[in-house]
Amino acid sequence: MDFTVSPQTEQFRTEVREVIRTHFTDDERHAVAQSGTKHSWPLHRGLAAAGMLGAAWPVSEGGQNRSPHEMDALYEEAARAGVPMAGFSTTMLVAETIRRVGTSEQRARVLPRVVAGEILIALGYSEPGVGSDVAAVQTRADRREDGTWVINGEKAFTTTAEEADYVFVLARTDQKATRHRGLSLFLVPTSSEGFAVSAMQTLGGERSNMTFFSDVVVDETALVGDVDTGWQTMLVALDFERGGEFAAEMKRMMDLVSTWATGEGNAVSSNTLRRIGRAATETAVAGLLGSRATSLRAEGRAANLEGTMAKLYATEALQRHSSQLLDALGTSGAARGNAVESAIEGMYRHAFVTTIYGGTSEVLRGVIAERRLGMPRTPRATA
Ligand SMILES: Cc1cc2nc3c(=O)[nH]c(=O)nc-3n(C[C@H](O)[C@H](O)[C@H](O)COP(=O)(O)OP(=O)(O)OC[C@H]3O[C@@H](n4cnc5c(N)ncnc54)[C@H](O)[C@@H]3O)c2cc1C
């Protein structure tokens, strides 16, 4: 396998780096760190102005027809710069879904505003007590005689909802249907009456949210995909899941550690060098796993499983090594204020959530065991 990237990808990478440098200033980095919001509007608008939102889409749809390798470069540069991309990612996930299963009215109303960087869309799948087993959602949507829908329920971990224009809500629309049937997806404006947000702070200093829907009324244009087929609509998104970007977080950690290790006056013992060496090796492996998934995608093949493997490996390696490397910094690892040490300590706290969102490690292991190794399906525990 040859994962050498083309000069065109390197050129695009340079352009992305420049957009990040221009729009994600030190002041903006500080503001984002203070609020914990996983989104930067100045950067988002900067990416939009450079045509980098929806960059993978055809030119006729406002995109740049970028290859999977080029899109990888975009995510990698963002991760290496420590840019919060949750808002970008959820917005593009929903936009892709609308692009594929939305009505022509939805495509015309939503997609140009996404590409222009005008709107943000948060993901409302999880609920208190409902995460991995997302088909168990309790939020309900009931159709009224006039065709409108009334939504009631609570969502947990609705990241960036405090900034978003819409939440993409998974709700039960048929109370009698079996688990994976009777679910539907709605694009709910956050300006709706009855919608509320409250902050959830995480260990990593990143803000997420609880969101509440109390008799929120939406019309039929909010329904994305056919009624009661929300499960199938969610699966559409699997096709463009990636997984490779977590390797870039390892690379960011290595960049930080290299800066620290070569810094003046920092004592680097042979034990620390061994830790750095091990982390560098696993960073290379994580990068190769990500590249394999991307290369398959570039050939037009599905790479969901390869992306899953890349995500699982990279996030567990990130957790392991950020802990070991923080330890290697000694007492200076606990000091706040010094840019490099603080950033490594921040990586350590951030690493915990990476094995949870986008599928927990246990769930991903189950997916690999069943789909690649042909092992029997794990029976679901009953409460
Ligand atoms: C920082 C952060 C941001 C997030 N952002 C969003 C967001 O924007 N939108 C959104 O909808 N959700 C979001 N989530 C939610 C995330 O998707 C869920 O946390 C995740 O799916 C896990 O669900 P859970 O927390 O309910 O844990 P559970 O699913 O209850 O899992 C608890 C434990 O049981 C294990 N487990 C569960 N099922 C199995 C199984 N079948 N086999 C083996 N082990 C299993 C898990 O691995 C875990 O260790 C976010 C989460 C975090 C932490």
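The following exchange goes through several assignments in a predicted model and the reasoning behind each.

Colleague: What makes you say that the ligand lies between two domains?

Modeller: The protein is divided into domain 1 (7-84), domain 2 (122-237) and domain 3 (245-371), and the shell around the ligand takes residues from both domain 2 and domain 3, so the ligand lies between them.

Colleague: Which residues come nearest to the ligand, and how does its shell divide by residue type?

Modeller: There are 14 residues around the ligand, and S132, F157, T159, T360 and E362 come nearest. The shell divides into eight nonpolar residues, five polar ones and one charged one.

Colleague: Why are the pairs that T360, T159 and Y125 form with the ligand called polar contacts?

Modeller: The cut-off for a pair of N or O atoms is 3.5 Å, and each pair can be set against it in turn. In T360, a side-chain N or O atom is 2.6 Å from an oxygen atom of the ligand, which is within 3.5 Å, so the pair counts as a polar contact. In T159, a polar side-chain atom lies 2.8 Å from a nitrogen atom of the ligand, and this pair therefore qualifies as well. Y125 takes part through its backbone, where an N or O atom lies 3.0 Å from a ligand oxygen atom, again within the cut-off. As for cover, the ligand on its own has 970 Å² of accessible area, and the protein covers 64% of that.

Colleague: Why is N65 called exposed while R66 is called buried?

Modeller: Both N65 and R66 are placed in the loop between α3 and α4, but their values fall on opposite sides of the limits. N65 has a relative accessibility of 55%, which is over 50%, so it counts as exposed. R66 has 17%, which is under 20%, so it counts as buried.

Colleague: What is R66 in contact with, once its neighbours within four places in sequence are left aside?

Modeller: Its contacts are then Q8, F12, E15, A55, A56 and M71. In addition, the side chain of R66 is joined to that of Q64 by a polar contact of 2.8 Å.

Colleague: What makes the phi values of N65 and F157 worth a remark?

Modeller: Most residues other than glycine have a negative phi. N65, which is not a glycine, has a positive phi of about 55°, and F157, also a residue other than glycine, has a positive phi near 60°. F157 is found in the loop between β3 (149-155) and β4 (166-172), and it is one of the residues that come nearest to the ligand.

Colleague: Why is A196 called partly exposed, and what does it touch?

Modeller: A196, in strand β6 (residues 195-201), has a relative accessible area of 35%, which is neither under 20% nor over 50%, so it is partly exposed. Not counting residues up to four places away in sequence, A196 touches M210, T211 and F212.

Colleague: How do you know that G366 is buried?

Modeller: G366, found in helix α12 (residues 361-371), has a relative accessibility of 18%, and since this is under 20%, G366 counts as buried. The C-alpha atoms of G366 and R377 are 7.9 Å apart in space, with their positions eleven residues apart in sequence numbering.

Colleague: How do you know that domain 1 and domain 2 are in contact?

Modeller: Six residues of domain 1 are in contact with nine residues of domain 2, where contact requires heavy atoms within 4.5 Å. The C-alpha centres of these two domains lie 28 Å apart.

Key: Residues are numbered from 1 along each chain as its sequence is written. This is a predicted model: local features need pLDDT of at least 70, side-chain atom pairs count only at pLDDT 80 or more; totals for chains, interfaces and linings use all residues. Side-chain values use heavy atoms; hydrogens and water are left out. A residue is near a molecule or strand if one of its heavy atoms lies within 4 Å of it. A polar contact is a pair of N or O atoms within 3.5 Å; within protein, one must be able to donate a hydrogen and the other to accept it, and residues adjacent in sequence count only if both atoms are side-chain atoms. Accessible areas come from the Shrake-Rupley method with a 1.4 Å probe; for residues, only the protein chains shown count as cover. Ala, Val, Leu, Ile, Met, Phe, Trp, Tyr, Cys and Pro count as nonpolar, Asp, Glu, Lys and Arg as charged, and the others, Gly among them, as polar. Domain bounds come from an automatic or database domain assignment. Helices (H or I, at least four residues) and strands (E, at least two) are DSSP runs, numbered from the N terminus. Buried means under 20% relative accessible area, exposed over 50%, partly exposed in between (1.4 Å probe, protein chains only).
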